[in-house]
Amino acid sequence: MNRAEQFTKTLQTVANYNTDGLASFFSSEPSRPLLATASGGEFSAARFASLLYNAAFSFARAESPYTLNSVSDRTLHQGKLLIVSSSGHNQDADYIAARATSLIPQHTALLCNKLGDRNTAAAKINKVTDKGVHCFATSEELSPKGFVACSILSQAILYKSFVGQLCPTDFDTEATFSYQLNKSQEAAPALSSFSHFVVLHGSWGEPAAIDFETRMVESGMASVQLSDYRNFCHGRFLFVS
């Protein structure tokens, strides 16, 4: 199965996933600001959650677990927290879960790939809430393998949680995910020939840009510079001048 086929299959699978619990977490006390936190490859999903919450309810922002340390207990106490972690079993997720459940146990949720004995973040949340109420996991069957598929899975579940349904999944994936030069009839050079990328994005395109940066950097294939379209005009264009 190629990546395009895997993308379509992931969306079709999520269409049958029950997102009522996660949707309820977001919609309850909608005036509370949301902090979404994740590390590495999951950060794009945290950023997407913050964009959706900004549009639907109230202020939201995405922070890594490390930068979340700059948020005071007093500030955190006034909001709600979404932790995105594929395993729930790493120092970052474990620490944030412990801190959040000591301050806002009823306003802390975890989105992960699976629950189990090794998911220490879920264990901390379940100790102070009704078991499973604020821990949302995809099943083993729902969790496809590979960087790209897992990222799409989390973001599709988040989208359905806010909107109630997914976009149509019967589009032409080959045409949608094409790589070509802008306004040129020349054949595009192989991506492997580049060692640095400058990726421009709009607000809703930022999660996709973060995804691209993650895949390139974490695989050691290339360095990536991210910028929104307007900020690119403020000196960020020098690398391509």
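**Exercise 1.** Work out what share of the chain's 241 residues is buried.

*Solution.* Start with the cut-off: buried means under 20% relative accessible area, using a 1.4 Å probe and protein chains only. By that rule, buried residues account for 41% of the 241. Keep in mind that this is a predicted model, where local features need pLDDT of at least 70, side-chain atom pairs count only at pLDDT 80 or more, and totals for chains, interfaces and linings use all residues. Residues are numbered from 1 along each chain as its sequence is written, and side-chain values use heavy atoms, with hydrogens and water left out.

**Exercise 2.** Find which residues of strand β1 are buried on each side.

*Solution.* First, locate the strand: β1 covers residues 34–37, strands being DSSP runs of E with at least two residues, numbered from the N terminus. Next, take one side, where Leu34 and Ala36 are buried. Then flip to the other, where Leu35 and Thr37 are buried too. So both faces of β1 are covered, because buried residues sit on either side.

**Exercise 3.** Identify the strands that pair with β1.

*Solution.* Pairing takes at least two DSSP bridges between two strands. Step one: β2 (residues 60–63) runs parallel to β1, joined by four bridges. Within that pair, threonine 37 has glutamate 63 as its bridge partner. Step two: β3 (residues 80–84) also pairs with β1 in the parallel sense, over four bridges. Here leucine 35 is partnered by leucine 81.

Note on methods:
Buried < 20%, exposed > 50% of the residue type's maximum accessible area, 1.4 Å probe, protein only.
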